[in-house]
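Here is a short report on selected features of one model. Please read it with the structure open.

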Amino acid sequence: MSKLKKTFTTQAKFMLHGGDYNPDQWLDRPDILMDDIELMQLSKTNTFSLGIFAWSTLEPEEGVYHFEWLDEAIDNIYRIGGRVILATPSGARPAWMSQKYPEVLRVNASRVKQLPGGRHNHCFTSEIYREKTQKMNRLLAERYGDHPALLMWHISNEYGGGCHCENCQGAFRNWLKEKYHHDIKLLNDAWWSPFWSHIFNDWSQIESPSPIGENAVHGLNLDWRRFVTDQTISFFENEIVPLKELTPDIPITTNFMADTHDLIPFQGLDYSKFAKHLDVISWDAYPAWHNDWESTADLAVKVGFINDLYRSLKQQPFLLMESTPSAVNWHRVNKAKRPGMHLLSSMQMIAHGSDSILYFQWRKSRGSSEKFHGAVVDHDNSADNRVFQEVTKVGETLQQLSHVVGTNRSADVAILYDWDNHWALEDAQGFGLETKRYPQTLHQHYRPFWEQDIPVDVITKEQDFSPYKLLIVPMLYLVSEQTISRLKTFVAGGGTLVMTYISGIVNEYDLTYMGGWPQDLQGIFGMKPVETDTLYPADRNYVNYQNKLYGLQDYATVIENQSAQTEGLYQEDFYAHTPAVTSHRYKQGKTYYIGARLHDNFHKDFYQTLISELSLAPVFAVQHEEGVSVQVRQSEEKDFIFIMNFTEVEQQITLETTVKDTATEKELAGEITLAKYEVKIVEKEKAH
Ligand code: GLA
Ligand code: GLA
């Protein structure tokens, strides 16, 4: 129940609507800056992220500062009732800094020192860059810390990437010394160094992975990625020192990312670690709506999944820090959002836990690289175009949703995603080099719940498993003994655990478990996987599960049964008529092992059985066809229900109880028609 308490992640009790606002690009156009104030009001936007890339305007020469323009922008926004998310400008450096202090420039993995230019390209170890950012951040906190418009801190921008300079090599070696207790033998053991004669006898011999050097020691690759996360967090921690000191009550965030294709979690950093250092999670979402490789509903499943992951990182509402009201400028094809899609896609974010709809950027730039990236205000500088109107509609809708702010979602089902595992699995030479598809596999397991409107938390390994009835851990290739023991406790205490092929293979050092599958896993599953067969695309095999045949692809695990119950049998090949799917009771709980990558129809039927067995249910029941999604934000008093049509046709739905339409405040019940892309937001008092 504690999850249902309202958690205000910002001091605002309203939905944030607005985005990156860059007046520093328009300082010689006071007419435009005046238009902005009017257009902010017309577009029903209320929150603006300032100064993200403004360092060269804030400090045009070393030690020479210009804050007046920012004073004015913040005051003007406040005057119209707006709020500000103030950025620290470390995402891009002024030219004078790179010129005077070349150590701030990054060295890439091929050991090429980068030239000044672009952005997000500084060394996270550089003492000078750390000093400069901290100084700038202190000035910002001193000047604006008490400003009533200040809502939160936006630290840097989309942290990512690593630097391979000598300073970073030194920091990496120190990090390794700490980790391996200053004993190089421990490092050699962990990295299996005798392989290809890679035994190190001095820390100074160790270099970060490189295309022109070492890249095949998987333990090294994994440690490097972990180091990059820790070093980035350490840079971030250095940035926030003055902010914590001077503005302890102002929440801190940094904007996370996801890959555009398939919206897979950003791979450059382990966000589960980073999340612990943030007050609020925020992220930048750019799904390619209306693409030509999947249906709108297929994409909506992936958006739901990544939102449920980023929300679950802190089990509290998050912020959508950036999005586009129309096209982006960096997809292969930059398609405009069709009429209605902006409201629908925005409400999906809110439904899954966002307390904001913010854009990059609020006004389109006139020149340079992102001048065609969709914005609230286009080059026509007018409120009359379609996109502006759709943004305004989102603004009006958000105004009706202030009661939703701070509300969360509760779930009985969790799916586990793990960055370490993703890295190690992708790096593993073996299985199918192009068919690992870890996040896509998670989508497969998430989908049946999305289709039935059953809420899911996508959690990471350090989180508490005990609140869930069902925990699904597909392709958990890398798993420590500690996590195995927590999984065991979860099942022993009455939980239901689902695991799949390619799980439980290596420990946290990327060393395989010796003597077969870990004993603890054998104990809870009552079986052991003994071989993983990898299939060519043309190979065919089937599993008979509950007297129905299901196709499989890519992977089939040969299972040695001990005390499990066989739920499904392979039909072909040398393992025909042996178990493919098993279940096992262990103490108070139950486990299922799915040995093959089965097609979606299997997951649908398999999870349907579990849904019935475990009495899993939607928070609010709506009868509908495929492609409609119902997601609920909950407070102790009320449920806020978002009914979304992710199809291109009209949909008939049936509400099983009477609710109130949030927009019209009218009662709604029974059969309702949803137009193409329509979203209905309704609410229902909780029965007490
Ligand atoms: C080659 C090499 C071996 C090993 C095998 C298998 O034959 O000589 O050391 O790498 O390939 O990959
Ligand atoms: C990212 C960045 C923004 C902008 C947008 C749109 O999310 O943070 O500065 O570049 O992409 O391309």
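The expected span of a helix is 1.5 Å times one less than its number of residues. The model is predicted, and helix H1 can be checked against that rule. H1 covers residues 30-42, which is 13 residues, so it should span 18 Å. Its end C-alpha atoms are 19 Å apart, which agrees.

**Helix H1 and its neighbours**

Which residues of H1 are buried? They are Ile 32, Leu 33, Asp 36, Ile 37, Leu 39 and Met 40. An α-helix has 3.6 residues a turn, so residues three or four places apart point the same way. The buried residues of H1 pack against two strands, E1 (16-21) and E2 (47-50). They also pack against two helices, H3 (68-79) and H12 (386-399).

Just after H1 comes Lys 44, with a positive phi of about 55°. Lys 44 also touches Thr 392, as do Leu 42 and Ser 43; these are the contacts of Thr 392 once its neighbours within four places in sequence are left aside. Thr 392 lies in helix H12. Its relative accessibility is 10%, below the 20% cut-off, so Thr 392 counts as buried. A polar atom of the Thr 392 side chain lies 2.7 Å from the backbone oxygen of Phe 388.

**The site of ligand 2**

What surrounds ligand 2? The shell consists of Phe 53, Arg 119, Asn 157, Glu 158, Asp 284, Tyr 286, Glu 322, Asn 329, Trp 330, Phe 360, Glu 370 and His 373. By class, that makes four nonpolar, three polar and five charged residues. The table gives three side chains with a polar atom close to an oxygen atom of the ligand.

| Side chain | Partner | Distance |
|---|---|---|
| Arg 119 | oxygen atom of ligand 2 | 2.8 Å |
| Glu 322 | oxygen atom of ligand 2 | 2.3 Å |
| Trp 330 | oxygen atom of ligand 2 | 2.7 Å |

On its own, ligand 2 has 300 Å² of accessible area, and the protein covers 96% of this.

Phe 360 belongs to the shell around ligand 2. A cis peptide bond joins Phe 360 to Gln 361, with omega at about -20°. Gln 361 sits in the loop between strand E9 (356-359) and H12.

**Ser 208**

Is Ser 208 buried or exposed? Its relative accessible area is 1%, so Ser 208 is buried. Ser 208 is found in the loop between helix H7 (184-190) and helix H8 (218-246). Its side chain makes a polar contact of 2.7 Å with the side chain of His 164. Leaving aside neighbours within four places in sequence, Ser 208 is in contact with His 164, Arg 111, Gln 169, Phe 172 and Trp 224.

**Backbone angles in two loops**

Most residues other than glycine have a negative phi, and most peptide bonds are trans. Asp 262 is not a glycine, yet its phi is positive, at about 70°. Asp 262 is in the loop between strand E6 (255-256) and helix H9 (271-274). With a relative accessible area of 9%, Asp 262 is buried.

Tyr 677 is not a glycine either, and its phi is positive at about 60°. Tyr 677 is found in the loop between strand E25 (667-674) and strand E26 (679-685). Tyr 677 is buried, with a relative accessible area of 4%.

Notes:
Residues are numbered from 1 along each chain as its sequence is written. Chains are lettered from A and ligands numbered from 1 in the order in which they are written. This is a predicted model: local features need pLDDT of at least 70, side-chain atom pairs count only at pLDDT 80 or more; totals for chains, interfaces and linings use all residues. Side-chain values use heavy atoms; hydrogens and water are left out. Helices (H or I, at least four residues) and strands (E, at least two) are DSSP runs, numbered from the N terminus. Buried means under 20% relative accessible area, exposed over 50%, partly exposed in between (1.4 Å probe, protein chains only). Contact means heavy atoms within 4.5 Å. A residue is near a molecule or strand if one of its heavy atoms lies within 4 Å of it. A polar contact is a pair of N or O atoms within 3.5 Å; within protein, one must be able to donate a hydrogen and the other to accept it, and residues adjacent in sequence count only if both atoms are side-chain atoms. Accessible areas come from the Shrake-Rupley method with a 1.4 Å probe; for residues, only the protein chains shown count as cover. Ala, Val, Leu, Ile, Met, Phe, Trp, Tyr, Cys and Pro count as nonpolar, Asp, Glu, Lys and Arg as charged, and the others, Gly among them, as polar.
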